[in-house]
Amino acid sequence: MAVKILTINDIGPEKWDTFVRNHPHGSLYHTSAWHKAIEDSYGYKTWYWVLPGSDGNIRSAMPVVNLRNLFLGQRNACYPFSDYCDPLVTNREDLLALVDCLAETPEPFEIRTNHLLWPIEGASTDNSFFNYSIPLQEKPEVIYSRLHPSCIQRKIRKSVKSGVKIREGNGLVDLRQFYRLHLLTRKRLGLPSQPFLFFRKLWENFGDSGEMKLLFAEHEGKKIGCLILIGYRGDAASSGGGDVLYYKYGASDSRYFDLGFNPALFWEAVLLATDQGYSCLDLGRASGTNEVSLGIFKEHLGAEKKPLLYYSTLKAYSDSGKSGGASLAGKFLKLAPCWVSGLAGRMFYRYLG
């Protein structure tokens, strides 16, 4: 049967999300709510490449966005602004049918996977990224025993002794407090920030249902750090992924790092996830080349490391030009006021997916 290219309105959000929850590789990044937040924030449109079954239901599918990147040019991606988004297929033949259809478009394509798929002819692979996750099947005291004694456990104890309090935020007022810390963090890293609109759209799509959590670290009444967590519930009877709590974004005031609040925040996320019955806390990706320290921090939290595999038909481009431009922009953003990072994000972040 031929591949159909549909919109979410053609399929219906409930039907799509049921398909995602029932697939063993379904994830947060496949859900219609995640796609709607991306679309409403950056002006992109998601197309669903679908192979229907004989019963009229979805047999295999993948969500695709056509986007323009400042460095990579125009391409089709499954899925931008996401760590991974596997094609949800049942066999190799279905994968090839979807990829062949995608290859017929004039633009190159990129597919980000969290599971080793079959080779895709004509596509190069990038395996420089790793995903980190903490399995939560055991009791919290067992999970705690796996935390690095000095880098994590000692800092958690220090945060308690220093009077750091961890509490859950709620609503747009707290979301703006997160964004204040987010701007500080992106300035420190020399990176443009996501626009506040994106976080507001996440809250609209996940907050009202209780799937999105804000965890704040406070010291003497001042918010000094925050994590954004988003929950995904798979169908326990059929989904190999199970229920996953995703750590999506973190923000902090570096002047308070000595209080040890960052490890305390992540430990509270573990306790929250276990209490709410999640089988895994997904800590997101890190590069094995330029984000080594980030990966080490996640391993110190007891996370398991798994390679991500990105398939791409992009032609080679100048890495020197890309890194040089990014380096100059980064130096400028580190010196500029926080609002400049926010302005840069509003203007350009949609081109960085």
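Let me begin at the surface, where Trp339, Leu343, Met347 and Phe348 make a nonpolar patch of about 420 Å². A patch here takes residues with over 30% relative accessible area and no salt bridge, joining nonpolar side chains (Val, Leu, Ile, Met, Phe, Trp, Tyr) within 5 Å and like charges within 9 Å. A salt bridge means a side-chain nitrogen of Lys or Arg within 4 Å of a carboxyl oxygen of Asp or Glu. Areas come from the Shrake-Rupley method with a 1.4 Å probe, and for residues only the protein chains shown count as cover.

Before going on, this is a predicted model: local features need pLDDT of at least 70, side-chain atom pairs count only at pLDDT 80 or more, and totals for chains, interfaces and linings use all residues. Residues are numbered from 1 along each chain as its sequence is written, and side-chain values use heavy atoms, with hydrogens and water left out.

Leucine 343 sits in helix α12, residues 338–348. Helices (H or I, at least four residues) and strands (E, at least two) are DSSP runs, numbered from the N terminus. Leucine 343 has a relative accessible area of 32%, so it is partly exposed. The cut-offs are under 20% for buried and over 50% for exposed, with partly exposed in between (1.4 Å probe, protein chains only).

Now strand β14, residues 309–312. Is it covered on one face or both? Both: Leu309 and Tyr311 on one side, and Tyr310 and Ser312 on the other, are all buried. Strands pair if DSSP finds at least two bridges between them. Strand β5 (residues 109–113) pairs with β14 in the antiparallel sense over 4 bridges, and glutamate 110 has serine 312 of β14 as its bridge partner. Strand β6 (residues 124–126) also runs antiparallel to β14, joined by 3 bridges. There, threonine 125 stands opposite tyrosine 311.

Next, the backbone. Most residues other than glycine have a negative phi, and most peptide bonds are trans. The bond from cysteine 78 to tyrosine 79 is cis, with omega near 10°. Tyrosine 79 lies in the loop between β4 (73–78) and α4 (92–103).

Phenylalanine 81 is placed in the loop between β4 and α4, and its phi is positive, near 60°. With a relative accessible area of 16%, phenylalanine 81 is buried. Glutamate 220 has a positive phi too, about 50°, in the loop between β9 (212–219) and β10 (222–232). Why does glutamate 220 count as exposed? Because its relative accessibility is 74%.
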